[in-house]
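This briefing is intended for a first-year student. Please keep the sequence and the structure in view while reading the points below.

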Amino acid sequence: MSALFHLDRENSAATLQQQIREQLVNAILGGYLPLDEPLPSSRGLAKSLNVARNTIVLVYDELAADGYLISKERSGYYVDPDFLAKKLSGSDQAAPAADESADKVDWHSKLKVLPSTQKNPSLAHAWQSYPFPFVYGQLDSKLFPIDNWRKCWRDAVSVQAIRDWTSDRYDSDDPLLIEQIQKRILPNRGIQADPEEILITVGSQQAIYLLAQLLLDKSSCFGIEDPGYVSAAHIAAVFGAKVASLEVDEHGLMVDDRLNCCDALYITPSYQCPTTVTMPLERRRALLNKAKEEDFIVIEDDYEMEMNYDTNPTPALKSLDCNDRVLYIGSLSKTLAPGLRMGFMVGPKTLIQEARNLRQLMVRHPPLNNQRAVALFLAQGYHDALLRKLARAFQQRSEIMAAALDTHLPGSYTQPSGGSSFWCKLPEHIDAAELKRKATKDGLLIISGDSYHFATNLPKNYIKLGFSAITPEAIEPGIRKLARHIDALTE
């Protein structure tokens, strides 16, 4: 508590008693003192502030007399909750107005970037309270392997494991996690990489940020799919790069001369975000040829790579790359838990080393205890078992979703071969943003297509319906209710 006090013993005209009272009142009115805990004893606070005990006793007695504090026998002084509530509600005398003439920082003039002005998909943090959460990027808690995860966490805090991860390892990651990604995750996507070509990140978002900072400046042009993951565009803009809006069709990013001006691209070829289409092998090869001809870099976000219902999934773009032009981003957050924030990137050793050096300037490294727990989860086979469980659950929900859409919104979608969402086209006169607002009031959480628009001329009648968070039983009733809202907007 002594941190709340800044006593000026030399320059202040106020006595120490007055300073302590004033700062204690500010702490009470500011809500910095808990209501259910006693204030420090007069002896303890006097010692920490290096003042006479009687000074603290007088302050406490005055504040109790003025109603700020109440005294409880054998317990001490507490903030009076009734007095505080009256103060905050304005029913008591208002606090003195701040000195308008005081010099204050004009923060809008100081800030060089305003991220709050950037548009991002709303994922509704309180989605669990809605009966029909068709949100994306969240996971039904019943699908999370609680017992297996706890086992790995217990192993991660063994004496030997603690010795491994308690040191600051800014220039490397957990070797067990790197090994598991190298030998378990990447081969499933046809990718071979040395340990020095893998970097652990705080989710895929940090990987994009690191690459943007390394590759882009004010002279650069950064291409994104549109509709697409607009956060990648916002990151590029932070570094002054020009952002090119690139068209998407039923096969993903269109490979044409519009790519020629780009220095780097960000794409999601496995399940294009948000349309869920998969880029076919022929177009992937055409993109690699174009990248070589025009000398640009491709950042491949292997979005929802694990959730493929196809027995012969299309190989990752990185697996086809013979010229080190593809930088690969993956995430374990989608399958474990969104809040875990565990991702990785794969690229040439030179780039990964620079990304590692840049990362250590930002966060040193992702927490090593988390890295070890994830590594054990992979090594002990729990992740593979979880993927099989999620694939079954997601395929079931995908089939239920398709049947519900066929009944209530026929012709609105193309069935994806995997992933955890549907991209639905509504009648042209429907404004998806307005539909979202009305549906939310009725317990339906959806994502309007404009959340994925970077350009301003894209159609407004698309929605993204996720099924990873909603229970199977709620899908059909939710789609039925959504169709009623669409009908209401049509009338």
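Tyr 266 stands opposite Ile 299 in β9. The two strands concerned, β8 and β9, pair in the parallel sense over four bridges. The model is predicted, and the points below are grouped by topic.

**Strand β9 and its surroundings**

- Strand β9 comprises residues 297–301, and four of its five residues are buried, so the strand is largely enclosed by the rest of the structure.
- Strands of a sheet pair through backbone hydrogen bonds, in either a parallel or an antiparallel arrangement.

**The eight-stranded sheet**

- Strands β8 and β9 belong to an open sheet of eight strands, whose order is β4-β11-β10-β9-β8-β5-β6-β7 and whose pairing is mixed.
- The edges are occupied by β4 (198–201) and β7 (252–253); each has a single partner strand, so one side of each is left without a neighbour in the sheet.
- At the β7 edge, strand β6 (residues 242–249) and β7 pair in the antiparallel sense over two bridges.
- Within this pair, Val 248 stands opposite Leu 253 in β7.

**Helices packed on the eight-stranded sheet**

- Helix α8, made up of residues 175–185, packs on the sheet and touches β4 and β11 (343–346). The direction of α8 makes about 115° with that of β4.
- Helix α10, made up of residues 230–238, also packs on the sheet, where it touches β5 (221–226), β6 and β8 (264–267). The direction of α10 makes about 165° with that of β5.

**The three-stranded sheet**

- Three strands form an open sheet with antiparallel pairing, in the order β12-β15-β14.
- Its edge strands are β12 (421–425) and β14 (447–448), each of which pairs on one side only.
- Strand β15 (residues 462–466) and β12 pair in the antiparallel sense over five bridges.
- In this pairing, Lys 425 stands opposite Tyr 462 in β15.
- Helix α15 (residues 382–408) lies across β12 and β15 and runs at about 15° to β12.

**A nonpolar patch on the surface**

- Val 105, Trp 107, Leu 111 and Leu 114 form a nonpolar patch on the surface, and together they have about 390 Å² of accessible area.
- One of these residues, Leu 111, is located in the loop between α5 (107–110) and β3 (132–133).
- Leu 111 has a relative accessible area of 42%, so it counts as partly exposed; the term applies between the cut-offs of 20% and 50%.

Key. Residues numbered from 1 in each chain as written. Predicted model: local features only at pLDDT ≥ 70, side-chain atom pairs only at ≥ 80, totals over all residues. Heavy atoms only, no water. Pairing = 2+ DSSP bridges. Contact = heavy atoms within 4.5 Å. Axes fitted to C-alpha atoms, helices over the stretch in contact; angles between N-to-C directions. Patch = residues over 30% accessible without salt bridge, like charges linked within 9 Å, V, L, I, M, F, W, Y side chains within 5 Å. Areas by Shrake-Rupley, 256 points an atom, 1.4 Å probe, with all protein chains shown as cover. Salt bridge = Lys/Arg side-chain N within 4 Å of Asp/Glu carboxyl O. Buried < 20%, exposed > 50% of the residue type's maximum accessible area, 1.4 Å probe, protein only.
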